[in-house]
Amino acid sequence: MSYVFLSIALVIVALVLLYLHNHYSYWARRGIPQEDPIYGLGNMKGIGREFHFRDINSRLYERFKRSASPLGGIYMFFMRSAFIVDLDIIKHILIKDFSSFHDRGIFSNVRDEPLTGHLLRLEGEQWRAMRNKLTPVFTSGKMKFMFPTVVAVAENLSRACGEFRTEFEVRELTARYTTDVIGTCAFGIECNSLSDPNAEFRNYGRLIFGKPRHSQLVQALILFNPELARKLRCKVFNDEVTEFFINAVRSTVEYRVQNKVKRNDFMDMLIEMMAEDQEAAAQHDSIDLSQGLTLLQMAAQAFVFFIAGFHTSSTTMSFCLYELAMNQDIQDKLREEILRVLSAHNNIVTYEAVNEMTYLEQVLSETLRKYTVLPHLLRTASSDYRIPNTSLTLPKGSKILIPVDAIHHDPEIFPEPDIFDPARFDPDIAEKRHACAYMPFGDGPRNCIGLRFGKMQAKVGLIHLLRDYKFIPSTRTENPIVLSKRNFVIEAENGIYLKAVRVR
Ligand code: HEM
Ligand SMILES: *[C@@H]1O[C@H](CO)[C@@H](O)[C@H](O)[C@H]1NC(C)=O
Ligand SMILES: *[C@@H]1O[C@H](CO)[C@@H](O)[C@H](O)[C@H]1NC(C)=O
């Protein structure tokens with residue numbers, strides 16, 4: 001009897017091993033280079049502890065590049081993904097053959113968690129419709145409209161910076177600034193986290209990034225098996241976060257509609273769209289866009305502006321100030337430009353003045369290269385796809401990873417990549433590089449929709465700070481700075497401490 005059980009058990013083990021062997025040799029069998037995977041972990045050993053995703057990506061990038069293959073194959077735990085190294089193929093995937101790669105293939109579960117129905121996560125037709133709707137919200141004309149609001153918050157930023165008598169944590173200060181900017185522009189609420197460090201919006205912002213809903217295991221499931229996670233009806237955000245944001249949007253909309261308040265911000269534009277949709281729905285009563293649904297859809301978009309907008313830009317600003325403190329010559333040169341351009345504009349920070357500051361643009365570009373906010377871009381093939389110049393056809397549903405951070409640190413593209421050097425972005429040097437050698441905001445029709453806005457708020461904040469203060473390292477300033485391994489988005493492990501000395 002026990003003999004039978006034992007045989008059955010052995011057969012099961014053998015089948016599982018066979019399956020795993022088969023699964024984890026997928027790329028090798030197709031003649032695509034791969035790094036020996038560990039069953040269960042794939043190539044992700046030590047992620048979040050010993051290694052950040054960007055460390056794993058650079059290891060794999062170097063390996064595949066050395067093998068002279070335009071791509072490699074990787075296993076993120078169970079999930080297979082093509083890992084593209086060749087810049088021409090990247091250009092095909094992101095731009096030329098976009099019609100096969102419009103989806104990211106990341107988790108969303110609109111049924112149980114309406115806030116996940118936002119642009120970053122939507123797919124297919126739903127994504128396209130929403131992107132078309134939101135694109136007009138981010139034109140340069142609209143940026144100009146919102147500009148004075150951003151300047152008003154930046155004045156408070158400079159004031160708040162003056163309150164530090166000694167060294168302070170820069171990231172917390174810049175996060176309070178971008179929270180106020182996005183809060184005002186996306187939610188129409190004066191969050192006042194610059195005057196009150198414990199303001200509600202800032203606390204919820206901390207909660208989203210600092211206190212995840214799930215254990216690491218469930219987070220890994222959501223990240224690496226989004227289809228299964230959706231079937232299991234997982235959610236990503238804490239209920240209090242969801243409730244807070246939906247209520248914030250609902251009360252703002254009600255207030256504005258009742259009091260006919262107009263402020264030329266994202267919220268106004270979303271309200272206009274909602275009104276148009278309801279008219280359209282009333283005219284052809286076939287489509288049912290009930291108020292609840294559109295309000296939730298709207299809340300989801302405002303929410304993504306908030307999460308995508310405050311964290312990315314504030315981190316970038318803080319790393320920028322760090323590098324300026326460590327490279328005083330660059331800081332002096334930048335301050336000279338800021339003062340020179342402003343004096344030609346009656347010392348008023350105008351939209352045009354900001355756009356004349358070309359060195360500021362270079363400094364910001366170099367910051368986004370050295371401290372690439374997202375380690376990689378993701379796409380999913382929506383049809384079978386033959387990789388150009390190879391015999392490999394990726395079946396529909398295949399995942400693609402584009403290791404942007406590794407490319408930004410490739411010494412063949414950016415010599416001495418650890419050196420902070422804005423001269424890399426001198427126009428005549430930059431234009432000699434491949435179009436896909438630098439893409440901190442992604443590329444193609446699914447790139448960052450908030451690119452202009454993100455750069456604008458970072459620049460306006462930096463202009464106000466550098467006009468009024470000189471930033472210098474303190475005894476607590478790390479060199480080099482230690483990056484966190486835990487968070488997907490780039491972050492300094494122990495914060496960024498600097499001193500600000502008033503110069504004006
Ligand atoms: C320094 C600031 C920022 C950086 C570095 C950044 C970076 C990125 C990147 C790398 C992507 C993915 C692009 C791709 O897959 O090709 C993205 C997408 C996105 N970003 Fe940003 N972002 C920034 C600021 C913002 C701001 C301020 C907003 C909104 C107000 C925003 C909203 C979005 C949205 C909605 C998407 C998804 C777009 C889509 O799927 O259609 N981002 N961002
Ligand atoms: C394919 O190969 C040709 C000839 O070598 C080359 O000109 C072209 O750029 C390659 N395309 C891609 C996407 O690599
Ligand atoms: C700037 O700070 C003041 C005082 O704390 C506050 O009343 C005002 O609303 C803030 N302005 C903006 C645009 O956040």
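**View 1. Composition of the shell around ligand 1 in this predicted model.** Sorted by class, the residues of the shell around ligand 1 comprise 16 nonpolar, eight polar and five charged ones. In total, 29 residues surround ligand 1, and the closest of them are Arg-104, Arg-131, Arg-379, Arg-446 and Cys-448.

**View 2. Polar contacts of ligand 1 and the elements around this ligand.** Two of the arginines in this view place side chains beside the ligand: an N or O atom in the side chain of Arg-104 is 2.8 Å from an oxygen atom of ligand 1, and for Arg-379 the distance from an N or O atom of the side chain to an oxygen atom of the ligand is likewise given as 2.8 Å. Asp-443 takes part through its backbone, with a polar backbone atom 3.4 Å from an oxygen atom of ligand 1. Two or more residues of the shell come from each of the elements α5 (124–134), α13, β4 (377–380) and α19 (451–468), and α13 gives the most, with seven residues.

**View 3. The residues around ligand 3.** Ligand 3 has around it Ala-152, Val-153, Asn-156, Glu-190, Asn-192 and Ser-195, a shell that by class holds two nonpolar, three polar and one charged residues. The side chain of Asn-156 has an N or O atom 2.3 Å from an oxygen atom of ligand 3, while a polar side-chain atom of Ser-195 lies 3.3 Å from an oxygen atom of this ligand. Of the 360 Å² of accessible area that ligand 3 has on its own, the protein covers 62%.

**View 4. The largest nonpolar core.** This core consists of 104 residues, among which Tyr-177, Phe-187, Phe-245, Phe-453 and Phe-471 touch the most other members. Helix α13, which spans residues 291–326, gives the most to the core, with 17 residues; helix α13 is also the element that gives the most to the shell around ligand 1. As a general background to such views, nonpolar side chains tend to be buried together in soluble globular proteins.

**View 5. The surroundings of Phe-245, and a second core.** When residues up to four places away in sequence are not counted, Phe-245 touches Leu-115, Phe-187, Phe-201, Tyr-204, Ile-208, Phe-303 and Phe-306. Of these partners, Phe-187 is itself listed with Phe-245 among the residues that touch the most other members of the largest core. A second core, separate from the largest one, has 46 residues, including Tyr-24, Trp-27, Phe-425 and Cys-436.

Notes:
Residues numbered from 1 in each chain as written. Chains lettered and ligands numbered in written order. Predicted model: local features only at pLDDT ≥ 70, side-chain atom pairs only at ≥ 80, totals over all residues. Heavy atoms only, no water. Core = buried A, V, L, I, M, F, W, Y, C linked by side-chain atoms within 4.5 Å. Buried < 20%, exposed > 50% of the residue type's maximum accessible area, 1.4 Å probe, protein only. Helix = DSSP H or I, 4+ residues; strand = E, 2+ residues; numbered from the N terminus. Contact = heavy atoms within 4.5 Å. Near = heavy atom within 4 Å. Polar contact = N/O pair within 3.5 Å; in protein donor to acceptor, adjacent residues only side chain to side chain. Nonpolar A, V, L, I, M, F, W, Y, C, P; charged D, E, K, R; others polar. Areas by Shrake-Rupley, 256 points an atom, 1.4 Å probe, with all protein chains shown as cover.
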